[in-house]
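Open the model in your viewer and keep the selection panel at hand. The tour moves from the whole chain to one clustered site.

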Amino acid sequence: MRSSSTVPVLRPSDEVADALANGAPVVALESTIISHGLPQPRNLEVARELEGVVREAGAVPATIAVLDGVPRIGLEEPELERIATEPGLRKLSQRDLPMAAALKASGATTVSATSFLAARAGIRVFATGGLGGVHRGWTEDQDESADLDTLARTRITVVCAGVKSILDVPATLQRLETRGVSVAGFRTDTFPGFYLHSSGLPVDWRIDSPEEAAAVMRGQDALGGQESALIVANPVPRDLQLDPELHDRVLAEALAAAEREGVKGQAITPFLLGYLVDGTGGASLEANLAAVRGNTALAARIALAWATS
């Protein structure tokens with residue numbers, strides 16, 4: 001029989017471990033926004049801010065990352081600083097976790113890796129900006145984010161502002177339906193558009209309170225079956241969204257530039273998002289951050305409702 005001594009053990013921070021042991025509300029937060037999504041030193045400021053949003057609501061933040069091969073569930077201040085400043089950190093999807101563990105690599109976790117690790121640790125609620133999904137032109141390249149597959153087999157509630165608007169949003173919604181992932185709009189009848197308040201696409205279900213989200217989560221557990229996620233789609237407020245006309249114009253330019261330069265695969269998302277930041281004079285980044293703040297606050301309220309239900 002092979003030894004399992006090399007298999008990494010999830011390492012929660014003391015605060016997160018105590019919260020989980022006592023049934024207190026915990027909210028998972030991803031780390032790619034810190035390491036890859038924002039410039040220094042603003043990335044560390046935002047990381048602290050988001051953790052503060054969770055604490056102010058009465059929940060415990062658990063920012064997730066992998067350091068020296070060990071999945072960390074909740075970061076202490078020096079570890080948070082390391083994620084924000086260490087050069088060369090990998091961007092880890094769920095599929096990368098075994099290799100990172102074996103090779104003692106460090107990296108920030110994407111939606112798929114964060115969802116997987118949070119669920120393994122016993123955390124039920126996760127806040128992020130926007131999900132990955134089906135890429136435009138997917139009929140040719142079959143380019144689809146690992147987020148979708150992970151969410152189809154991971155029991156976690158993800159609060160997000162929809163999927164990144166650079167993607168094929170209708171195809172992504174179809175894929176989520178096919179994979180059995182529940183989607184509910186939070187106080188909206190249309191699916192959010194990430195940078196935009198609405199994508200214009202309808203959602204089949206609407207919830208209007210954190211308590212209703214917790215009730216859906218209880219329903220998932222009571223019914224059993226597929227261990228899939230619940231997506232709570234929370235739109236960025238209209239007064240904080242990116243100007244829709246500016247969004248559409250710059251996105252069209254970004255897609256054309258990517259086509260000209262032959263950008264595909266894993267490079268396409270950072271290319272398009274970076275183009276949007278530059279082309280909107282940073283306005284897309286501010287809309288993204290507004291969405292993340294709102295999602296984090298709502299996730300904390302859902303975690304509280306879940307913990308007390």
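**Two domains and what lies between them**

The C-alpha centres of domain 1 and domain 2 are 21 Å apart. This is a predicted model. To see the two parts, colour 1-123 as domain 1 and 132-308 as domain 2.

Next, select the residues in contact across the boundary. Domain 1 contributes 28 residues, and domain 2 contributes 22. Between them the domains bury about 1,800 Å². Carbon and sulfur atoms account for 68% of that area.

Now look for polar links. Two salt bridges join domain 1 and domain 2. Show the side chains of Arg42 and Glu286: they form a salt bridge, with N to O at 2.6 Å. Five residue pairs are in polar contact between the domains, both residues of each pair at pLDDT 80 or more.

Stay on the side of domain 1 that touches domain 2. Select strand S2 (26-29), helix H3 (42-56) and helix H6 (111-121); each supplies at least two residues of that side. Colour this side by residue class: 18 residues are nonpolar, seven are polar and three are charged.

**The annotated site**

Which residues does UniProt list for "binding site"? Select Lys91, Val111, Ser145, Ala146 and Asp147, which the unreviewed UniProt entry gives under that name. They span 57 residues in sequence, but no two of their C-alpha atoms are more than 13.4 Å apart, so they gather at one spot.

Finish on Val111. This residue is found in helix H6, one of the elements that supply at least two residues of the side of domain 1 touching domain 2.

Methods. Residues are numbered from 1 along each chain as its sequence is written. This is a predicted model: local features need pLDDT of at least 70, side-chain atom pairs count only at pLDDT 80 or more; totals for chains, interfaces and linings use all residues. Side-chain values use heavy atoms; hydrogens and water are left out. Domain bounds come from an automatic or database domain assignment. Contact means heavy atoms within 4.5 Å. Buried area is the accessible area (1.4 Å probe) that two parts lose on being put together, summed over both. A salt bridge is a side-chain nitrogen of Lys or Arg within 4 Å of a carboxyl oxygen of Asp or Glu. A polar contact is a pair of N or O atoms within 3.5 Å; within protein, one must be able to donate a hydrogen and the other to accept it, and residues adjacent in sequence count only if both atoms are side-chain atoms. Helices (H or I, at least four residues) and strands (E, at least two) are DSSP runs, numbered from the N terminus. Ala, Val, Leu, Ile, Met, Phe, Trp, Tyr, Cys and Pro count as nonpolar, Asp, Glu, Lys and Arg as charged, and the others, Gly among them, as polar. UniProt positions are given in the numbering used here, feature names are shortened, and annotations may be inferred rather than shown by experiment.
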